[in-house]
Every structure is written in C-alpha cells, then in structure tokens.
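Dear colleague,

I am handing over the structure below, and I would be grateful if you could look through it alongside the notes that follow.

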Amino acid sequence: QAKRLGRNTYQFFTPDLNEKVRHHLALRNELQRAIEEGQFELHYQPQVHGPSARIIGFEALLRWKHPERGYVSPADFIGVAENTGQIVPISDWVLATACRDSLRLNELGLGQYVMSVNVSPLQFQRNCFLPDLLEVLTNTGLDPSLLELELTENILMGNTETVIETLREIRSHGIGIAIDDFGTGFSSLSYLKYLPITKIKIDRSFIQEVISDHRDAAITHGITSIANQLQLQVVAEGVETQAQYAYLQKHLCESFQGYLFARPMPLKELADFLGEHHQAQALDRERREGGR
Ligand code: C2E
Ligand code: MG
Ligand code: MG
Ligand code: MG
C-alpha cells in the first residue's frame, strides 16, 4: 500500500509514528490518573560512608504503582511527564513527601540524615522553583541543610547567569547541590570552578566495570581526585560488589550508594533498616569499648 502511494509521501512512516503517538497519549492519560489518584510512592536508598560504616543520607526515588502493571520504573515515564509538563505536579509531590518522610524518621528517633531529591530540568527552569522549594521547607519544618538537590549536567549547561544565580540562592539557604550521573553529559569541567556545588555522584556506568576496565578505573580515579582537591563530597553510584567497594575505597572514594549496601525501599522498611543499623553500631561501640 505504501508503495502505491509513491515514495514521497509520509504514509510509509505513519504506522510507527501512530504507534508512538498512541503510546504517548495513553501514558499521558494514565499519568493524569496517577496524579489525581495518588498512585506514586517514594522509595529511599541509603548513601553510606565507608570508613565509618555510617549512613549519611538517602536518595528519594520515585515509583509509580500502576493498578494493573505493578511498579513502573521512572525511566519509563519521567521523559513523557517532562514533555507534557506533568512532571511539575509530580515533583511538587516528591519534594513535599521526601521532606515529610525525613522528618518522620527523625521523630521516630532514627536520626537526622540528608535527604536527596532529583530535580528535573523543567522544574528547575520555572521561576517559582526556589520560592516553592522554600515554602515546602517552611511548611514541613525540615532544616534546609538536611536537603540536597540532585541536578544533572544538562540542567547546569543552560542559561549560565540565571543558573549560577539560582544555585547561589539555593546554597545561601544551606541546601546541598549534587551533580548526578557525573561524567555522562557533554558539559565542560569548567563549571566545577564557578558553580557552587557540594557533591559529585560518579555515574554507575563507570563503576560497573571499574575493576576490569582500566579506562573506567582511570576516569573514576580522575573524578575522585578532582572532587577531593576541590573539597567536594564524592559518591560512587551503583556499587554492587564487594570487589568494587574495596577497589573504590583504595582509590580515595569514601561514600557509596548501591545494591551492595541497600536497595531503594519504602519508608517502613527504611525505618526497620535504620533501627538495625543503629543496633549494629551500638554493639560495635560496646565491643570496642569493652576491648580497651
Ligand atoms: P538516578 O538519580 O541516577 O538514580 C539512581 C538509579 O540507580 C536508581 O534507579 C536506583 O534504583 C539505581 N541504582 C541504585 N543502586 C544501584 C545498583 O547497585 N545497581 C543498579 N543496577 N542500579 C542501582 P531508578 O530508581 O530506576 O531511577 C532512575 C532515574 O529516574 C534516576 O536516576 C533519576 O534520574 C530518575 N528519577 C527517579 N526519581 C525521580 C524523581 O523523583 N524526580 C525526577 N525528576 N527524576 C527521578
Ligand atoms: Mg539521582
Ligand atoms: Mg545518578
Ligand atoms: Mg540516572
């Protein structure tokens, strides 16, 4: 049929395009429903300081509990939500929920930790981003220094003047700024010199084969070295094996996030996890003091 219509028509491509548009529209409708019916959840993944074996914070990771399909990964819907603008109400919910849950852990006597929240480009570009953020902090009562925003390099490459101004203001309130997926964007290193960031997260793609691929090792080593010299915190993402962990520690990376330590988990499970963590630390202290 496409042939009969001649080669200069679009007909040849429409089935595929239609399929994409249909999928996009369906997803948009389902997302709308998810927003209205509150089908989202946050799971939290600990970040660990190796030498002291202490938990330093958590990353809030969005989960969509679809009524028929079960948990849907953010990788499968964040892009569409970003295109439709639905990321805005979703992000508002994420921020408020993460702050509330962080306070909840504190109220349960489980400690104070830094809560990291992923920020989408669209969200960051909005004029009301910072005022809204400050309002959430005021409303929840969370100490701003216990909040950290995770931004990707592409967010920082935009309108530089405005970006710097916004970041400075964020920092002036004591909120931390982490560069997520560091090393995967096409940005220059010079922004490390003039942007007021506090943490670099080395992308999982460098960590995966850090032991077997000398190029990944070289890049990882370079990133930790730059971070240390610039006095930025550095976290290795996606650490899955004991061997990766040992290797990274030897190469001056002190903080980690990955399945080796803990998977992202719902708040309830996190509370249990923290309870056990505290017990283990107390036992450890006792043992050390007893041995003296
Ligand atoms: P990200 O911010 O780089 O988050 C880290 C991802 O790595 C998470 O995937 C986490 O579950 C996964 N991960 C952690 N440790 C390991 C490991 O040891 N091995 C492996 N294979 N994976 C590990 P997740 O939760 O599927 O999130 C994917 C991406 O979706 C995130 O990447 C982030 O870019 C985005 N995202 C998640 N939540 C939000 C959100 O609330 N807002 C926005 N704007 N984006 C979000
Ligand atoms: Mg992140
Ligand atoms: Mg990341
Ligand atoms: Mg990522």
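**Metal site and ligand pocket**

In this predicted model, Asp180 forms a bridge between the magnesium ion (ligand 2) and the magnesium ion (ligand 3), and the two ions lie 4.0 Å apart. The coordination of the magnesium ion (ligand 2) comes from Glu59 (OE), Asn118 (OD1), Glu150 (OE) and Asp180 (OD), at 2.0 to 2.2 Å, and along the chain these donors follow the spacing E-x58-N-x31-E-x29-D. Because Asn118 belongs to strand β4 (residues 114-118) and Asp180 to strand β6, the pair ties together parts that are 62 residues apart in sequence.

Turning to ligand 1, I find that it sits in the largest pocket, where 22 residues surround it, the closest being Arg63, Asn118, Asp180, Glu240 and Tyr259. The elements that contribute two or more residues to this shell are β2 (54-66) and β6 (176-182), with β2 giving the largest share, 4 residues. By residue class, the shell around ligand 1 divides into 8 nonpolar, 6 polar and 8 charged residues.

As for individual polar contacts, an N or O atom in the side chain of Glu240 is 2.5 Å from a nitrogen atom of ligand 1, while Glu59, which is also a donor to the magnesium ion (ligand 2), places a polar side-chain atom 3.0 Å from an oxygen atom of ligand 1. Tyr259 takes part through its backbone, with an N or O atom 2.8 Å from an oxygen atom of ligand 1. Of the 810 Å² of accessible area that ligand 1 has on its own, the protein covers 83%.

With best regards

Technical notes
Residues are numbered from 1 along each chain as its sequence is written. Chains are lettered from A and ligands numbered from 1 in the order in which they are written. This is a predicted model: local features need pLDDT of at least 70, side-chain atom pairs count only at pLDDT 80 or more; totals for chains, interfaces and linings use all residues. Side-chain values use heavy atoms; hydrogens and water are left out. A residue is near a molecule or strand if one of its heavy atoms lies within 4 Å of it. A polar contact is a pair of N or O atoms within 3.5 Å; within protein, one must be able to donate a hydrogen and the other to accept it, and residues adjacent in sequence count only if both atoms are side-chain atoms. Accessible areas come from the Shrake-Rupley method with a 1.4 Å probe; for residues, only the protein chains shown count as cover. On a 1 Å grid over the protein atoms alone, a cavity is a set of points where a 1.4 Å probe fits but cannot get out, and a pocket is an open set with protein on both sides within 12 Å along at least five of seven lines; lining residues have an atom within 4 Å of a point. A molecule sits in a cavity or pocket if more than half of its atoms lie within 2 Å of its grid points. Ala, Val, Leu, Ile, Met, Phe, Trp, Tyr, Cys and Pro count as nonpolar, Asp, Glu, Lys and Arg as charged, and the others, Gly among them, as polar. Donors are N, O and S atoms within 2.8 Å of the metal (3.2 Å for Na, K and Ca); water is not among the atoms, so sites may look incomplete.
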